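Got the model open in your viewer? Keep the selection box handy and we'll walk through it stop by stop.

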Amino acid sequence: MPDAVDTDVLIVGAGPVGLFLANECARRGFRWRLVEARSSQSVHSKALAIFPRTLEILDMAGLVAPFLETANRVTSVAVITHGRRLAHMRFTPEESPYPFIAMVPQDVTERLLAEQLQRQGGAVEYDTSFVSAVQHHDRVSVTLDRKGQRSVLTAAFVVGCDGAHSTVRHVLNLPFEGAAYDALFMLADVQTNESFPADELQLCPSEFGPVAIFPMSATRRRIVAALEHAEGDAPSLALVQKILRQRAPAGLEARALHWGSYFRVHHRQVARLRVGRMFIAGDAAHIHSPFGGQGMNTGLHDVWNLVWKLDLVLHGHGNEQLLASYSAERRPLIKQVVETTHFLTRAMGTPNKLAQALRDTVIPVVSRLPPFQHAFVQRLSALGLAYRGSPIVEGAGKRYFDDSLRGGAGILSRFLLILGDDDNSTTVEAARQLTRSCRDLVELRSRPGHSITLVRPDGYIAYSSHDHDGITALNSVHSLLELQTR
């Protein structure tokens, strides 16, 4: 990077996505700055569910422990309508050390990430707004405003994590394509009785509009519901109680309202997540229905995909192809999330009697099928997320996770070249030569069996071979590495 830049990465927006990216920049030794237009962190719970693959990512980043200490753990999902339980599915994926959904309110998530950032010597620059940017071939000149005082800094890269009304997205002139839902949505955190277990999430289809009930503890729940119109400036306890009587399982009582708000929901996404040296992530790049709890998780996955690529480029290893892969890899998965949550919202709240009858007939049947249960958990948990079709992946691009990647020091921006322990000496020596030629970029490891696997720094498989001879497979590995690092 040129000496003239003031910082390696400027992060705009200190929500969960921006805070996570700042922690990753600090862990990797970048020069970075995190600016936030608000005067402090959020005091509202907003996003809540953290899914198994996101917990694995937090583990690889060395951040998972405090989340596990505070989380309420959900291990099943029920679909209930008119007092009838249409489905009850276990949410305990065996392939992850985190076989549950961790319920952590967003204000707690932000506090935990901000505290860790402080421990690493970093801080959020509050009351500081991103105003404009001018891109050059080797840097970005950014104008900031802090309480009416403007300043200019230069950054090697800029990442906009500044939410649905992103200024960075507007500066890049990226259309936010999609539409708004007709319904208004209500979010409320309420004190409840203990009539339902704390480890079960309920989805409640209804002709009045869908409701999702997320357990934050045995006696506190998040209620998300679609409404035709608002009653008052903010939801009241009486309104929440009325909705629960209409649509929720019998016996669930709302006894006190901790916090509530109305909001409009859109399903929108950008066509690309990068323009030159500027990127967007999280709600700045995609927004969708809260049913499914995917918003924050998808944003955290965005920056996990991006940060190792910035790391390689900042250290002189990565190239244009590597940077371009961020948008190429994330866009198809974002589209999938938007479509899934849109379908779920429509199916749960359809006013059509025939569609309701069909839904209530089909769900009890398909939800008992093991393939459906597996697909449901894989999709919701993001454990099935893969980068097949990526320009820097050969094969399915599936997740890779083992104990050696955990704890924050197991993997940074190295590729892992993993050999089977019964590979022949010629293959082993060729692998050693390859790693020596890629100093600080590839680490050689072994495991039982006979295979050659290249694992990316984000824990996804770039290449795997069980059928090719060792030298042919290593040539493929070398070609993939050259494609993104030459």
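The tour starts with the whole chain and then goes on to single residues and ring pairs.

Before you click, some housekeeping: this is a predicted model, where local features need pLDDT of at least 70 and side-chain atom pairs count only at pLDDT 80 or more, while totals for chains, interfaces and linings use all residues. Residues are numbered from 1 along each chain as its sequence is written, and side-chain values use heavy atoms, with hydrogens and water left out.

**Stop 1: the whole chain**

Show the cartoon. The protein chain has 12 helices and 22 strands; these are DSSP runs numbered from the N terminus (helices are H or I, at least four residues; strands are E, at least two). The radius of gyration is 23 Å, close to the 23 Å that the globule rule gives for 486 residues, so the chain is as compact as a globular protein of that length. That radius is taken over C-alpha atoms, and the rule is 2.2 Å times the number of residues to the power 0.38. Along the principal axes, the C-alpha atoms fill a box of roughly 70 × 60 × 40 Å.

Now switch on the surface. About 19900 Å² is exposed, and carbon and sulfur atoms supply 51% of that area (Shrake-Rupley method, 1.4 Å probe; for residues, only the protein chains shown count as cover). Of the 486 residues, 56% are buried. Here buried means under 20% relative accessible area, exposed over 50%, and partly exposed in between (1.4 Å probe, protein chains only).

**Stop 2: two loop residues**

Select D127, in the loop between α4 (106–119) and β8 (128–135). D127 is not a glycine, yet its phi is positive, about 55°. Its relative accessibility is 23%, so D127 counts as partly exposed.

Next, pick K147 in the loop between β9 (140–146) and β10 (149–160). Here too a residue other than glycine has a positive phi, near 50°. Is K147 buried or exposed? With a relative accessible area of 61%, K147 is exposed.

**Stop 3: into strand β10**

From that loop, move to T154 in strand β10. T154 is buried, at 12% relative accessible area. Which residues does T154 touch, leaving out those up to four places away in sequence? They are A4, V5, D6, T7, R139, V140 and S141, where a contact means heavy atoms within 4.5 Å.

**Stop 4: the aromatic rings**

Show the Phe, Tyr and Trp side chains. A search of the whole structure finds nine aromatic pairs. Rings (the six-membered one for Trp) pair if their centres lie within 6.5 Å; planes under 30 degrees apart count as stacked, over 60 as edge-to-face and the rest as tilted.

Zoom in on F185 and F263, a stacked pair at 6.0 Å centre to centre with 25° between the planes. This pair links distant parts of the chain: F185 is in strand β11 (residues 177–192) and F263 in strand β15 (residues 254–269), 78 residues apart. F185 is buried at 1% relative accessible area, whereas F263 is partly exposed at 23%.

Then jump to F372 and F376, also stacked, with 6.4 Å centre to centre and 20° between the planes. They sit four residues apart in helix α10 (residues 370–381), so about one helical turn separates them. F372 is partly exposed at 34% relative accessible area, and F376 is partly exposed at 21%.

For the last selection, take F157, F279 and Y326, which ring pairs link into a cluster.
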